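Reader: I have just opened my first protein structure. Could you show me how to read it?

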Amino acid sequence: SLDDKGIRKWRSTRRRNRHPSPSCGILENQVMIQFQITTDWGRSSRALRSGFTLLEMLIVLAVLGILFAVGLSTFAQQSRQTLIRQAAVQIQADLEQLRSSSIRYNRDFEFRWANASLNRYSIDANDPVTAGAVINKNRVLPDGVEIDVAGSTPTTVSISYSSPLAVVTAAPPVFRVRIANSTSTNPLFIKIIGVTGRVAISATN
């Protein structure tokens, strides 16, 4: 009957689907291989496209050059500022040494600076009995550093510490320590305070 034919056809189709032919398996394997090849090629193409272009490399080099130039300028300015600090500390130490030596050795000590030599000064020690110089030292500041008098341009400056109390005999000026012909660095000022001769370094006059 018609119903029996339909049942037999359904059973035959079910058996074929349950046991596919070898040609179907081969076709399925070919499709999977082709899909894998396409996927791998897509990944390789993306990996190649992920590298830097010439324009990107040039931009990176330009940025690195700018950063290097800024860092070098900052380093140079800091180095010059360090030289100013070293020179100011040197002068302060020498003045303090003159003050303490005048008390210790009972002698007059003198600090001398001349406008003709902005990068050097001298230290003298006089014997109060014979009035003769027993010490005469020339001190030189670091390269490029100058010392002058803030607010004026005297020819010479002399600061005397008189024994036995190391009293400063005259009103001392304020010294300015700076880099020669430089406007990008900040000078330091050396102040001798009162008749006691105490020395201070300041960023302002």
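Author: Happily; we will take confidence, then a helix, then some strands. Keep in mind that this is a predicted model.

Reader: What pLDDT does the chain average?

Author: Where pLDDT is low, the predicted coordinates should not be read in detail. Here the chain averages 78, and 70% of the residues score at least 70. Among the elements, helix α2 (residues 22–49) has the lowest mean pLDDT, 54, while strand β7 (residues 175–179) has the highest, 93.

Reader: What should helix α3 span, and how far apart are its end C-alpha atoms?

Author: Helix α3 covers residues 54–105, which is 52 residues, so at 1.5 Å a residue it should span 76 Å. Its end C-alpha atoms lie 75 Å apart, which agrees. After α3 comes N106, whose phi is positive, near 55°.

Reader: Which residues of α3 are buried?

Author: A general idea helps: an α-helix has 3.6 residues a turn, so residues three or four places apart point the same way. In α3 the buried residues include I84, A87, A88, I91, L95 and L98.

Reader: And the strand β7: which residues form its covered face?

Author: F175, V177 and I179 make up the covered face of β7, whereas R176 and R178 are on the uncovered one.

Reader: Which strands are joined to β7 by bridges?

Author: Strand β4 (residues 145–149) runs antiparallel to β7 and is joined to it by 5 bridges; there, V145 stands opposite I179. Strand β8 (residues 188–193) is also antiparallel to β7, with 3 bridges, and V177 of β7 stands opposite L188 in β8.

Methods: Residues numbered from 1 in each chain as written. Predicted model: local features only at pLDDT ≥ 70, side-chain atom pairs only at ≥ 80, totals over all residues. Heavy atoms only, no water. Helix = DSSP H or I, 4+ residues; strand = E, 2+ residues; numbered from the N terminus. Expected span 1.5 Å × (residues − 1). Buried < 20%, exposed > 50% of the residue type's maximum accessible area, 1.4 Å probe, protein only. pLDDT = per-residue confidence, 0-100. Pairing = 2+ DSSP bridges.
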